[in-house]
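Q: Please take a close look at one part of this model. Start from a single loop position, then work outward to the rest.

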Amino acid sequence: MPSNQSPLGALPARFRRERVLIVGCGDIGLRVARGLQGRVALRALTSSPGRAAELRGQGIVPLQGNLDQPASLRRLAGLATRVLHLAPPPGEGQTQWWRDPRTVALLRALRLRSAPRSLAYGSTSGVYGDCAGARVDETRAVRPATPRAQRRVDAEKAVRHFGRAAHVRASILRIPGIYAPDREGGTPRERLRKGTPVLQARDDVYTNHIHADDLARALSAALWRGKPQRVFNASDDTELKMGDYFDLAADLYGLPRPPRIARATAQDELPLVLLSFMGESRRLDNARLKKELRLRLRYPTVESGLLPIR
């Protein structure tokens, strides 16, 4: 086909190249960008002018915009061939506490012109709620137990609808705690040094982990390999209860193991945020992630970094 009749032949080279837009370009977004650098054109939405230099230094073109101001997102329409959405929902205080208006605003902007080929959304494993330690795959119904998790469920619904309506291969990755030695708060060392208690064995809960670099690779793979409207549990292979995990971490770091306390007294000794995590127990099944995205995941060690339970 002559170039003047071929869509690719008629476009300048800069538009024939894959264009990846990262929304919510924090630590994980930057890791994804480093893995894609030199192979795609990278863009990132930021509401902070002060981040422009940092993003340019990573080979990313910064785009000024704010998810809480939908009019500022219009420039994103038709800009990217693939979109990575890592921005969290708003916090407490909005009237419709269960909604994620940020995701809705982003998806509306993306539909103003030609939609991207694929979109990957970073959700949370908290959407499952408490599963009493059961093994959980992606077919399990969601039962969010917190307003934060409910807003993630709302975002997931919006992403699925967008995928079906705009014929976009949308992937949702449900993410547990993230660890890495080069990530802020990326190891439990400080918590161990403070001697923060954990639950006694009969009250303990299962936790789930993923290394920050493995998560970045999973998100990138989802943009290219994810099947339409697919959900993935983005977790590694460990099956540890929280107390056992901290005992392992303490032994590896050469620090004292944390004290064990009963759940009945935990509310008097632990912050509410930590208590909320101790109220949910599940073991994420990652078979789909490894099979369909063809990933190998590491096991947490001192060298790879250890997950901070938060």
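**A loop serine and its surroundings**

A: Serine 235 has 0% relative accessibility, so this residue counts as buried. The model is predicted. Serine 235 sits in the loop between strand E12 (230–233) and strand E13 (240–241). What surrounds this serine? Setting aside neighbours within four places in sequence, serine 235 is in contact with Pro176, Asn208, His209, Ile210, Leu284, Asn286, Leu289 and Leu297. One polar link can be named: the serine 235 side chain reaches the backbone oxygen of histidine 209 at 3.4 Å.

Next, a second loop. Aspartate 204 is located between strand E9 (198–199) and strand E10 (206–207). Is aspartate 204 buried or exposed? Its relative accessibility is 9%, under the 20% limit, so aspartate 204 counts as buried. Leaving out residues up to four places away in sequence, aspartate 204 touches Leu199, Lys241, Met242, Gly243, Asp244 and Arg260. Two polar links involve the side chain of this aspartate. The side chain reaches the backbone nitrogen of glycine 243 at 2.7 Å. The side chain also makes a polar contact with the side chain of arginine 260, at 3.5 Å. Aspartate 204 and arginine 260 are 56 residues apart along the chain, and their C-alpha atoms are separated by 9.6 Å.

Now the rings. Arginine 283 lies over the face of tyrosine 206, at 5.0 Å from the ring centre. How many aromatic pairs does the structure hold? There are two. In one of them, the rings of tryptophan 97 and tryptophan 98 have centres 5.6 Å apart and planes at 85°, so the pair is edge-to-face. Tryptophan 97 has a relative accessible area of 41%, so this residue is partly exposed. Tryptophan 98 is partly exposed as well, with a relative accessible area of 34%. Tyrosine 245 and phenylalanine 246 form an edge-to-face pair too, with 5.3 Å centre to centre and 75° between the planes. Tyrosine 245 and phenylalanine 246 are both buried.

Two residues other than glycine have a positive phi. Glutamine 229 has phi near 55°. Glutamine 229 belongs to the loop between H8 and E12. At 25% relative accessibility, glutamine 229 counts as partly exposed. Arginine 294 also has phi near 55°. Arginine 294 belongs to the segment after helix H12 (287–292). At 58% relative accessibility, arginine 294 counts as exposed.

On to the nonpolar interior. The largest nonpolar core has 35 residues. Which residues have the most contacts inside this core? They are Ile28, Ile60, Leu84, Leu173, Leu215 and Leu219. E1, helix H3 (27–36), strand E2 (41–46), strand E7 (169–175) and helix H8 (212–225) each give two or more residues to this core. H8 gives the most, with eight residues. Leucine 84 shows the packing at one point. Not counting residues up to four places away in sequence, leucine 84 touches Leu21, Ile22, Val23, Val32, Ala120, Leu219 and Leu223. Apart from the largest core lies another, of 27 residues, including Leu63, Val104, Tyr121 and Ala166.

Val104 leads to helix H5. Helix H5 spans residues 101–110, and eight of its ten residues are buried. The buried residues are Arg102, Thr103, Val104, Ala105, Leu106, Leu107, Ala109 and Leu110. What covers them? The cover includes strand E1 (19–23), strand E4 (82–85), strand E5 (118–124) and helix H6 (147–166). At the start of H5, a side-chain oxygen of aspartate 100 comes to within 3.2 Å of the backbone nitrogen of arginine 102.

Last, the cysteines. Cysteine 25 is buried, with a relative accessible area of 3%. Cysteine 131 has 4% relative accessibility, so this residue counts as buried. How many disulfides are there? With two cysteine sulfur atoms required to lie within 2.5 Å, the count comes to zero.

To return to the start: serine 235 is buried, and the side chain of serine 235 reaches the backbone oxygen of histidine 209. Aspartate 204 is likewise buried, and the side chain of aspartate 204 reaches the backbone nitrogen of glycine 243.

Note on methods
Residues are numbered from 1 along each chain as its sequence is written. This is a predicted model: local features need pLDDT of at least 70, side-chain atom pairs count only at pLDDT 80 or more; totals for chains, interfaces and linings use all residues. Side-chain values use heavy atoms; hydrogens and water are left out. Buried means under 20% relative accessible area, exposed over 50%, partly exposed in between (1.4 Å probe, protein chains only). Helices (H or I, at least four residues) and strands (E, at least two) are DSSP runs, numbered from the N terminus. Contact means heavy atoms within 4.5 Å. A polar contact is a pair of N or O atoms within 3.5 Å; within protein, one must be able to donate a hydrogen and the other to accept it, and residues adjacent in sequence count only if both atoms are side-chain atoms. Rings of Phe, Tyr and Trp (its six-membered ring) pair if their centres lie within 6.5 Å; planes under 30 degrees apart count as stacked, over 60 as edge-to-face and the rest as tilted. A charge sits over a ring if NZ of Lys or CZ of Arg is within 6 Å of the ring centre and within 35 degrees of the ring normal. A nonpolar core is a set of buried Ala, Val, Leu, Ile, Met, Phe, Trp, Tyr and Cys residues joined through side-chain atoms within 4.5 Å.
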